[in-house]
Amino acid sequence: MNNPTMTLSQMTLSQIDRSLKGSGIFFVSWACIWLLVGTLFALITSIKLQYPPFLSGYEWFTFGRVRAAHLNVVAYGWVNNALFAVGLWVMARLCKSPVRHKGMLYVAGSFWNLGLLLGVGGIFMGHNSAVEWLEMPTYVSPLLAVAYVLIGAWGVLAFWHRESDHVYVSQWYLLAAFFWFPWLYTIVQMLIFFTPMQGVMQSITHWWFAHNVLGLWMTPICVAIVYYILPKVLGKPIHSYYLSVVGFWSLALFYNWAGMHHLIGGPIPVWMISAGIVGSIMMFVPVIVTAINHHITAMGSLRDIWNSPSLRFIVFGAMNYTLSSAFGSLMALRSFNKITHFTHFTVGHAHHGAYGFVTMVLFGGIYFMLPRLLNREWPSAGLIRMHFWCCSSGIILMVVALSIGGWFQGLKMNNPNIPFLDIVRFTLPYLHARTLAGLLLLCGHVAFVVNVVWMLRGSYVRSETGPTLLSPVPNSGGL
Amino acid sequence: MPLLFLGIFFCLAFSWTGLILYPHMHMGNLKPVALEVDGMLYPLRPSGLAAQGEQVYIQMNCTTCHSQQVRPKGFGADFERGWGDRQSVPRDYIYNKQNMIGTNRTGPDLANIGDRVNAEWHHKHLYNPRSTSKGSIMPSFKFLYKLQKQGKAPSHEALKGFAPGDEPPEGYEVVPSHRAKILVEYLLSLKQNYELPEGKLSK
């Protein structure tokens, strides 16, 4: 504190870090638990699809429910807890004002994770809905809605009381996401479950929502995290302020409409599908702009990126943001969609976005945040390396396998001379590859969680003073 | 800053108005129509049992592998595969409790499955999909069936034609539970084989 070389802003930053230490640990711990549970459910799902007798005797564990549990656990357990932790922390740091209403975060976090526990239990008991991304029973939605509103309000309030003189691009994304999502969630719960709309209107609302989970919630927060950490670690400004403005507003305007591409060819008015396609193609604007900004900032510092645990993950994530979004826009074209719709291609694409981009950025964010919250360095560089290699190779394998398999599955499905069961048989090797990919991811996650646990318990504290790096720099040792 | 906030608000409100509010006003309250062929209102209101069976379909989350929508002719091969004779339209779904048009076809489309197979086949298939469809990766729903001691005469509901290894022990028989029966009732009700003003059958 009385270190004379510490500037005023560093003092506030370390105060903020200290204030958010408790809630940060709380969210990260839950995120880690859900990550392991969700990966396990994923493996069970994947094995069931290639070998259906696996655990098929129990109604609790029927394919449809394990798959739903997997999706909800990883999306709302792992990703959201991690987003709450890192997103709110970045927001607080950028606002440079003392942290207020810490209690709100604990209340929200407790509601959230309690809601999830009940919700996932409810799915296994058959209280699920058939609405993808919203399978948790309606009796937990009030809990989750309250949690969302509290988290959103906390983010907006932090912004309100900011003491920084200018607003950084990350703050726009965060503010927008924290504002959008509680609203979105409440609307969709009302319109699909509590006062349901008629017939296909439900599906329209459903995909408007489900696409926006990624587009207006996960993506903006993760883009904000990249915008925050990348220049910070590299010690240079972001490439272009102007481009980031364009990127933000085009995302806000177009992503909203893109969800209809999940219904191409479906029983809804053609103009809605066209609107979805236009929205999806226009997404090239924010994606390219953000890509230029991220990648040009990263260029020229590849060595530093490779050596920094957080940047290695974050830049991998940013690259996949560009790639998966480009594919996403293409998949919305009618000629492309005719083939990929209804196939494993879409499943691969979902993992590309939600894992290759979102999850990898969140790993990077946690690698950056925890040492600052705990004032301690990561215990093991070896585990970080293992984490990176398992997860990066795992996700690449999964996306490639499902994309190739799904593409040919789609081509064959559009050829009426090929019997359906032949197509089923054809996809099997690709489904095996996915299980293998899932095993790799599991290894990576175990390495990550072990490192987090060691970090929290303060075991194996490294004697060196410098941060944990991933290259044999002379002053870095460690395990 | 108020501008930033307004902009953020406006973007979501804009798409909500365009994609949900307006279409809801436009087609959120469709009614069945009387058809000339028999003067009945179509789509037919599903029977009570079928409506209950929809709940079982939801509980088993069959939607993760099965869609219920026929795409337009020429867009994919839905017609040629025998999944339907006309494109699905919004009016087909007005009686759904949950709209399950779906986004995945790990299994075939079921919009018209009521027209394709009978109850006996469904039970056999649900009990063990491999008994009817070699190499299927659909999970078995054996837990919806009961093993019971055979009475004097075999029950008329008892399943016949088991896959090897599935046969009940001597003196026992496999019968569907209530839930299996209403699920099949629901599957049998799935058909879009009537002509609507906005959806003509291809003949």
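Helices and strands here are DSSP runs, with helices taken as H or I over at least four residues and strands as E over at least two. Keep in mind that this is a predicted model.

**Stop 1: chain A as a whole**

Select chain A and switch to cartoon. You get 16 helices and 0 strands. Turn on the C-alpha trace and line up the principal axes: the span is about 75 × 45 × 45 Å. How does the radius of gyration of chain A fit a compact globule? A globule of 479 residues would come out near 23 Å and chain A has 22 Å, so the two agree.

Now colour by burial. Of the 479 residues in chain A, 64% are buried. If you draw contacts between residues at least 6 apart in sequence, 83% of them join residues at least 24 apart. Put a surface on chain A and you are looking at about 16,600 Å² of accessible area, with 71% of that belonging to carbon and sulfur atoms. For the charges, pick out the 24 positive and 10 negative ones in chain A; their mean positions sit 2 Å from each other.

**Stop 2: aromatic pairs**

Next, show the Phe, Tyr and Trp rings. Ring centres within 6.5 Å make a pair, and over all chains that gives 58 aromatic pairs. Zoom in on W89(A) and Y228(A), an edge-to-face pair at 6.4 Å centre to centre with 85 degrees between the planes. This pair links distant parts of the chain: W89(A) is in helix α3 (residues 63-95) and Y228(A) in helix α7 (residues 200-234), 139 residues apart. Both W89(A) and Y228(A) are buried.

Then move to W172(A) and Y241(A). Their ring centres are 6.3 Å apart and the planes meet at 75 degrees, so this pair is edge-to-face. W172(A) belongs to helix α6 (residues 169-194) and Y241(A) to helix α8 (residues 241-258), so the pair ties together parts 69 residues apart in sequence. Buried or exposed: which is W172(A), and which is Y241(A)? W172(A) counts as buried, because its relative accessibility is 8% and the cut-off is under 20%. Y241(A) has a relative accessible area of 52% and is exposed.

While the rings are still on, select the aromatic cluster that includes F26(A), F27(A), Y76(A), F84(A), Y106(A) and W112(A). Also part of that one cluster are Y148(A), F178(A), F181(A), Y185(A), F209(A) and W217(A).

**Stop 3: chain B as a whole**

Hide chain A and bring up chain B, with its 5 helices and 4 strands. Follow the cartoon along the sequence and the pattern reads α-β-β-α-α-α-β-β-α. A compact globule of 203 residues would have a radius of gyration near 17 Å, but chain B has 21 Å. Its C-alpha trace covers about 75 × 50 × 35 Å along the principal axes.

In chain B, 52% of the 203 residues are buried. Among contacts with a separation of 6 or more, residues 24 or more positions apart account for 67%. The surface of chain B exposes about 9,700 Å², 59% of it from carbon and sulfur atoms. Chain B also carries 23 positive and 18 negative side chains, with the centres of the two sets 4 Å apart.

**Stop 4: P176(B)**

Finish by selecting P176(B), in strand β4 (residues 172-176) of chain B. P176(B) counts as buried at 4% relative accessibility. What does P176(B) touch, leaving aside neighbours within four places in sequence? Its contacts are H123(B), L144(B), Y145(B), K146(B), E157(B), L159(B) and K181(B). Last, run a distance from the C-alpha of P176(B) to that of Q55(B), 121 residues away along the chain: you should read 17 Å.

Definitions and conventions
Residues are numbered from 1 along each chain as its sequence is written. Chains are lettered from A and ligands numbered from 1 in the order in which they are written. This is a predicted model: local features need pLDDT of at least 70, side-chain atom pairs count only at pLDDT 80 or more; totals for chains, interfaces and linings use all residues. Side-chain values use heavy atoms; hydrogens and water are left out. The radius of gyration is taken over C-alpha atoms; the globule rule is 2.2 Å times the number of residues to the power 0.38. Buried means under 20% relative accessible area, exposed over 50%, partly exposed in between (1.4 Å probe, protein chains only). Contact means heavy atoms within 4.5 Å. Accessible areas come from the Shrake-Rupley method with a 1.4 Å probe; for residues, only the protein chains shown count as cover. Lys and Arg count as positive and Asp and Glu as negative; His and the chain ends are not counted. The place of a charge is taken as NZ of Lys, CZ of Arg, CG of Asp or CD of Glu. Rings of Phe, Tyr and Trp (its six-membered ring) pair if their centres lie within 6.5 Å; planes under 30 degrees apart count as stacked, over 60 as edge-to-face and the rest as tilted.
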